[in-house]
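Biologist: Hello! Could you walk me through this protein chain, one question at a time?

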Amino acid sequence: RPTPGMLLRMLLQDREFGNAMAQYIQPAFFQNQVHQWMWGQALAYKQQFWGFPTLSFLSNLAAQQHPDMRDLYCAVVHAVQHQPLTDEEAVRSMVLEFIKRNVFRAAFVDSRDLYNAGRFDAAYDNMREKMSTLENMSWVPVHRAWLEGIVDRHIHRQDPANHQGVSTGIIQLDKILEGGLHAGEVGLWLAYPKAGKTTFLVNLGLTAVRTQFRKVLHCVLEGNLHYVENRYDTVLSDELYSNTKRGEVDAKKYAKAVQEVQFLKGLCVLRDFTEGWETNATHIDGELTDLRKRYGFEPELIVVDYVDLMRARTPQDNETQHQKQAMMDLKTLAQKRNGYAVW
């Protein structure tokens, strides 16, 4: 479940979400006194200025509180302002479901009272109207930015964590990419067959895990899972691929690899998509959802090997259009939730 601070920050910073939820969420929804005050101030501001205040504006209001309460208000507002946002899509869905249940409850109570008073038609009309409201109640995110959010954007940029790309392990390339591949970006490697694309992608995945402890999902679209497992184990063991494949890894190298993997446990998942030839971005998104629900695993880097075997999510006229649309679908996936870096 989302924390009240996380929900409050989402309502205030995601203007589309906040506007959609404002008519349903009242200050009393929050148990914390300062959270109630913040949302009450936001609703009053919205009624007067047709928009929500920034968290910086609320921080200034908190500093104007009575001296006995000033430190508390400032501390809570500061906590909300720096509250990490995770699984925003899931939070929106949970809030929407909560509102739907409360709308149904209110409709049921009102219709029951009308029915018990002998007003059968009014009870029917009321329930029908509310059910129509429920059916049409949905949350479709719209990505907009407002100019006046400059202060919050500046604060966001000052956080070093927001500038940490996923390193490639190649100093010159990281410099060009300004720190590596960043969330929401898709990088495409091109090479002739058997030139080492899979090996290179494996090294990108392991570099992210080993040097930055980033979580990685490696999607296998070509060959088989065991082939890619051998590639990872070869790098981990610092051994020849032919030796790894035959199980002839040096004992000391093997022991060192096992020890390292225990230290990096839970950071990298290899997923086989070779059971069919119709894999598209929806299948990868489904894997992300499954990993999140089953294991609480949310990767920062997704490796797709290889993308020209991916299909578009919608029918296309020819192979070129399939590959073009598949890349566009992958770019859309890279920008979902908090964003993924995709090689």
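Biologist: Of the contacts in the chain with a separation of 6 or more, what percentage comes from residues 24 or more positions apart?

Modeller: Before I answer, please note that this is a predicted model: local features need pLDDT of at least 70, side-chain atom pairs count only at pLDDT 80 or more, and totals for chains, interfaces and linings use all residues. Residues are numbered from 1 along each chain as its sequence is written, and side-chain values use heavy atoms, with hydrogens and water left out. A contact means heavy atoms within 4.5 Å. Among contacts in the chain with a separation of 6 or more, the share from residues 24 or more positions apart is 67%.

Biologist: How many helices and strands are there in the chain?

Modeller: Both are DSSP runs, numbered from the N terminus: helices are H or I with at least four residues, and strands are E with at least two. Counted that way, the chain has 15 helices and four strands.

Biologist: What radius of gyration does the chain have?

Modeller: The radius of gyration is taken over C-alpha atoms, and the globule rule is 2.2 Å times the number of residues to the power 0.38. A compact globule of 343 residues would come out near 20 Å. The C-alpha trace here spans about 80 × 55 × 40 Å along its principal axes. For the chain, the radius of gyration is 26 Å.

Biologist: Is Gly149 buried or exposed?

Modeller: Gly149 sits in the loop between helix H7 (120-136) and helix H8 (150-158). Buried means under 20% relative accessible area, exposed over 50%, and partly exposed in between (1.4 Å probe, protein chains only). Because its relative accessibility is 16%, Gly149 counts as buried.

Biologist: Which residue forms a salt bridge with Glu97?

Modeller: A salt bridge is a side-chain nitrogen of Lys or Arg within 4 Å of a carboxyl oxygen of Asp or Glu. The partner is four residues away from Glu97 in helix H6 (residues 88-116), so about one helical turn separates the two. Glu97 is partly exposed at 38%, while its partner is exposed at 57%. With the closest N and O atoms 3.3 Å apart, that partner is Arg101.

Biologist: How many residues apart in sequence are the parts that Glu260 and Arg210 tie together?

Modeller: The side chains of Glu260 and Arg210 meet in a salt bridge, 2.7 Å from N to O. Glu260 lies in helix H13 (residues 251-263) and Arg210 in helix H10 (residues 197-212), so the parts they tie together are separated in sequence by 50 residues.

Biologist: Which residue meets Asp285 in a salt bridge?

Modeller: Asp285 is buried, with a relative accessible area of 15%. Its partner is partly exposed at 24%. The N to O distance is 2.7 Å, and the partner is Lys336.

Biologist: Which helix gives the most to the lining of the second largest pocket?

Modeller: On a 1 Å grid over the protein atoms alone, a pocket is an open set of points with protein on both sides within 12 Å along at least five of seven lines, and lining residues have an atom within 4 Å of a point. The second largest pocket is lined by 28 residues, with Lys197, Thr198, Asp305, Tyr306 and Asp308 nearest its centre. Helix H11 (225-237), strand E3 (301-305) and H15 are among the elements that each supply at least two lining residues. With four residues, the element that gives the most is H10.

Key: 1 Å grid on protein atoms, 1.4 Å probe; cavity = no way out; pocket = protein on both sides within 12 Å on 5 of 7 lines; lining within 4 Å.
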